[in-house]
Amino acid sequence: MLLPFIVLIGAMFLMTRSAKRKQTKAAQMRNELQPGSGVRTIGGMYATVKEVNEDTVLLDAGPGVELLFAKNAIGSVLSDDEYNRIVHGIEHDLKSDTDVVPDDASSLTETDDSADEAAASDDKSVDLGKKDAPEEPADDTAAAEAKTAADAKSDAEPKKTDGGSEAK
């Protein structure tokens, strides 16, 4: 009967201990603020620290926009790369750090001979598009026969009426 109370008290102790650890980390981060650091406020605004006082921080949110915040309102201090990526849209240049990886895996397996064969086969164009109109006959007699066949077909089909006097 005493065991559930002990477990409950132990769980509460562990939760308060982890919350207290998070609070001390946040306080330490806020005390280490320096001008020029990129920050995100608890409201989600991104700005650069301009001046740090005992309880307040002056933030530069844009050209000519300076805002005074309480230190407790600073949610996190961002690294320079992360701040530039979010605020300015500048991606870190990873190409200078690593080798270039091709977009097409076939270039990794091709030899010079197979590349020449592929280039030769690319010379022939293949039309995969759907053709809407039938091809026109080359000579006049074939054209005349096609026209009479089309006329005979149109005569065989019943004509649509607009419901004139005959229908009434």
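## Close-ups of the sheet and its neighbours

**View 1. Strands β2 and β3, side by side.** In this predicted model, β2 covers residues 46–52 and β3 covers residues 56–62, and the two pair antiparallel through four bridges. To find your way around, start at Thr48: its bridge partner in β3 is Asp60.

**View 2. The whole sheet, strand by strand.** Stepping back from that pair, we get an open sheet of five strands, ordered β4-β3-β2-β1-β5 and paired antiparallel. At the edges sit β4 (65–70) and β5 (74–78), each of which pairs on one side only. Going from one strand to the next, the twist averages 45°.

**View 3. The β1–β2 hairpin.** Here β1 and β2 run antiparallel and are joined by three bridges. Look for Gly38, which stands opposite Thr48 of β2. Thr48 is the residue from View 1 that has Asp60 as its bridge partner in β3. The two strands make a hairpin, with four residues between them. Check out Gly44 in the turn: its phi is positive, at about 95°.

**View 4. β1 meets the edge strand β5.** Four bridges hook β1 up to β5, and this pair runs antiparallel as well. A handy landmark is Arg40, whose bridge partner in β5 is Ser76. Beyond β5 there is no further strand to look for, as β5 is an edge strand that pairs on one side only.

**View 5. Helix α2 across the strands.** Helix α2 takes in residues 80–88 and lies across β1 (38–41), β2 and β5. Relative to β2, the helix runs at about 130°. In the sheet order, the strands under discussion sit as β2-β1-β5.

**View 6. A salt bridge between β4 and β2.** Zoom in on the side chains of Glu66 and Lys50, which meet in a salt bridge with an N to O distance of 2.0 Å. The count for the model comes to one salt bridge. This pair ties together distant parts of the chain, with Glu66 in strand β4, Lys50 in strand β2, and 16 residues from one to the other. So are these two buried or exposed? Neither label fits, because buried means under 20% relative accessible area and exposed means over 50%. Glu66, at 42% relative accessibility, therefore counts as partly exposed. Lys50 is partly exposed too, with a relative accessible area of 43%.

Conventions. Residues numbered from 1 in each chain as written. Predicted model: local features only at pLDDT ≥ 70, side-chain atom pairs only at ≥ 80, totals over all residues. Heavy atoms only, no water. Pairing = 2+ DSSP bridges. Axes fitted to C-alpha atoms, helices over the stretch in contact; angles between N-to-C directions. Contact = heavy atoms within 4.5 Å. Salt bridge = Lys/Arg side-chain N within 4 Å of Asp/Glu carboxyl O. Buried < 20%, exposed > 50% of the residue type's maximum accessible area, 1.4 Å probe, protein only.
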